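Welcome, and please open the structure in your viewer. We will go step by step, selecting one part and then the next.

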Protein chains: 2
Amino acid sequence: MSSSANMQVVRRVCEHWPWLSLEEFTELLSPDCVYKDMPFPDRVCTGPAAAHGKLSPLQDDWDINFEISSAAANAESVLIERVENFVSKTGAVEPFSLRCVGVFELADGKIKAWRDYWDKAEAEPLMRFMAMKTQRRAAAP
Amino acid sequence: MSSSANMQVVRRVCEHWPWLSLEEFTELLSPDCVYKDMPFPDRVCTGPAAAHGKLSPLQDDWDINFEISSAAANAESVLIERVENFVSKTGAVEPFSLRCVGVFELADGKIKAWRDYWDKAEAEPLMRFMAMKTQRRAAAP
């Protein structure tokens with residue numbers, strides 16, 4: 001695929017991931033796509049359903065918007081730097097901005113590898129919120 | 001500049017930074033180049049001398065080699081994913097590999113902004129070694 005077609009696929013994921021349906025994930029990611037958050041190398045998602053299952057629930061608790069700051073593509077890959085701005089819908093934790101770079105490898109117009117680089121310290125409010133949610137669930141009758 | 005000329009400049013930095021002279025840094029980085037390790041946003045280096053002063057001393061204590069895994073360029077920027085393999089020359093701490101992505105903005109064939117994304121946890125042996133070295137220096141008569 002051309003670099004511009006690859007860029008279009010990756011921008012669609014980077015700018016819309018919270019609201020994409022499973023069908024859309026399946027259209028954009030290859031069946032064996034490996035998606036990895038580099039700070040958590042052991043929690044790899046393989047395939048569109050796993051990626052959708054991990055990312056989609058975030059829209060329940062957060063208003064999220066995106067700014068793309070740098071991006072470059074070629075016939076096999078797209079690298080894209082972005083800021084993801086998170087605001088808790090209930091105000092449970094403070095808003096935060098996560099700067100990250102995604103490295104995407106593509107074949108035949110689909111993403112087959114996706115690696116996100118970011119610093120855990122910047123996403124501390126998200127980690128804290130996740131821990132609160134897990135505790136609340138465990139305490140529920 | 002063309003994307004291939006930009007890529008050449010950035011690869012030279014990414015694959016050779018420990019051994020580049022101040023003259024070479026001055027050739028590759030603009031006078032006001034801002035270099036930032038994203039996990040340490042407060043420790044910004046501005047200009048070739050500051051970047052050289054920060055990076056060059058690492059070759060005293062470490063054997064370092066590089067693997068470029070993904071890279072893409074356009075007329076204004078280069079994004080490059082690499083693994084930096086560090087081995088302590090004295091065996092003071094264990095070897096480690098640091099995966100990172102560099103985002104480079106260029107103008108007129110020189111790098112004017114350089115942002116490196118990586119996870120602090122992966123570089124823990126380096127941080128430990130730096131702390132040991134600072135302590136040793138403080139304890140010296």
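## Stop one: a hairpin in chain B

Begin by selecting β5(B) and β6(B), two strands that run antiparallel and are joined by seven bridges. Keep in mind during the tour that this is a predicted model.

Now look at the link between these strands. β5(B) and β6(B) form a hairpin with two residues between them, and Asp108(B) in the turn has a positive phi of about 50°. For a pair to show as sticks, pick Phe104(B) and Trp114(B): in β6(B), Trp114(B) is the bridge partner of Phe104(B).

## Stop two: on to β4 and β3

Next, add strand β4 of chain B, residues 77–88. Ten bridges join β4 to strand β5 of chain B, residues 96–107, and the two run antiparallel. Two pairs are worth clicking on here. Val83(B) stands opposite Arg99(B) in β5(B), and Arg82(B) has Cys100(B) in β5(B) as its bridge partner. Hold on to Arg99(B), for we will come back to this residue at a cavity.

Then bring in β3(B). The pairing of β3(B) with β4(B) is antiparallel and extends over eleven bridges. A hairpin through three residues joins β3(B) to β4(B). To see one facing pair, select Ala73(B), which stands opposite Val78(B) in β4(B).

## Stop three: the other side of β6

Go back to β6(B) and select β1(B) with it. In which sense do β1(B) and β6(B) pair, parallel or antiparallel? They pair in the parallel sense, over five bridges. Asp37(B) and Asp116(B) are a pair to look for, with Asp37(B) standing opposite Asp116(B) in β6(B).

Add β2(B) as well. Two bridges link β1(B) and β2(B) in the antiparallel sense, and Tyr35(B) stands opposite Cys45(B) in β2(B).

## Stop four: the whole sheet and a helix

Show all of these strands together. They make an open sheet of six strands in chain B, in the order β2-β1-β6-β5-β4-β3, with mixed pairing. Which strands are at the edges? They are β2 (45–46) and β3 (62–73) of chain B, each of which pairs on one side only.

A general point helps when you look at any sheet: strands pair through backbone hydrogen bonds, either parallel or antiparallel.

Now select helix α3 of chain B, residues 48–55. Helix α3 lies across β1 (29–37), β2 and β6 (110–117) of chain B, and runs at about 45° to β1(B).

## Stop five: chain A

Switch to chain A. Here too you will find an open sheet of six strands with mixed pairing, in the order β2-β1-β6-β5-β4-β3. The edge strands in chain A are β2 (45–46) and β3 (62–73), each pairing on one side only.

Select strand β5 (residues 96–107) and strand β6 (residues 110–117) of chain A: they run antiparallel, joined by seven bridges. Val101(A) stands opposite Tyr117(A) in β6(A). Remember Tyr117(A) for the last stop.

## Stop six: two chains together

Show both chains and try a superposition. A turn of 180° and a shift of 0.0 Å along the axis lay chain B on chain A with an RMSD of 0.0 Å. The two copies are therefore related as by a two-fold rotation axis. The same surface serves both copies, as 100% of the contact residues of chain B recur in chain A.

## Stop seven: the cavities

How many cavities of 30 Å³ or more does a search of the whole structure find? The search finds two.

Start with the largest, which has a volume of about 50 Å³. To see its lining, make this selection:

- from chain A: Arg99(A), Trp118(A), Asp119(A) and Glu122(A)
- from chain B: Met38(B), Pro39(B), Tyr117(B) and Trp118(B)

By class, this lining of the largest cavity has five nonpolar, no polar and three charged residues.

Finish at the second largest cavity, with a volume of about 40 Å³. Its lining takes this selection:

- from chain A: Met38(A), Tyr117(A) and Trp118(A)
- from chain B: Arg99(B), Trp118(B), Asp119(B) and Glu122(B)

So Tyr117(A) and Arg99(B), met earlier, both line the second largest cavity. The residues of this lining divide into four nonpolar, no polar and three charged.

Methods. Residues are numbered from 1 along each chain as its sequence is written. Chains are lettered from A and ligands numbered from 1 in the order in which they are written. This is a predicted model: local features need pLDDT of at least 70, side-chain atom pairs count only at pLDDT 80 or more; totals for chains, interfaces and linings use all residues. Side-chain values use heavy atoms; hydrogens and water are left out. On a 1 Å grid over the protein atoms alone, a cavity is a set of points where a 1.4 Å probe fits but cannot get out, and a pocket is an open set with protein on both sides within 12 Å along at least five of seven lines; lining residues have an atom within 4 Å of a point. Grid points are joined across faces, edges and corners, and a volume is the space filled by probe spheres set on the points. Ala, Val, Leu, Ile, Met, Phe, Trp, Tyr, Cys and Pro count as nonpolar, Asp, Glu, Lys and Arg as charged, and the others, Gly among them, as polar. Copies are superposed by least squares on the C-alpha atoms of residues with pLDDT of at least 70 in both. Contact means heavy atoms within 4.5 Å. Two strands pair if DSSP finds at least two bridges between them. Helices (H or I, at least four residues) and strands (E, at least two) are DSSP runs, numbered from the N terminus. Axes are lines fitted to C-alpha atoms, for helices over the stretch in contact, and angles run from 0 to 180 degrees between N-to-C directions.
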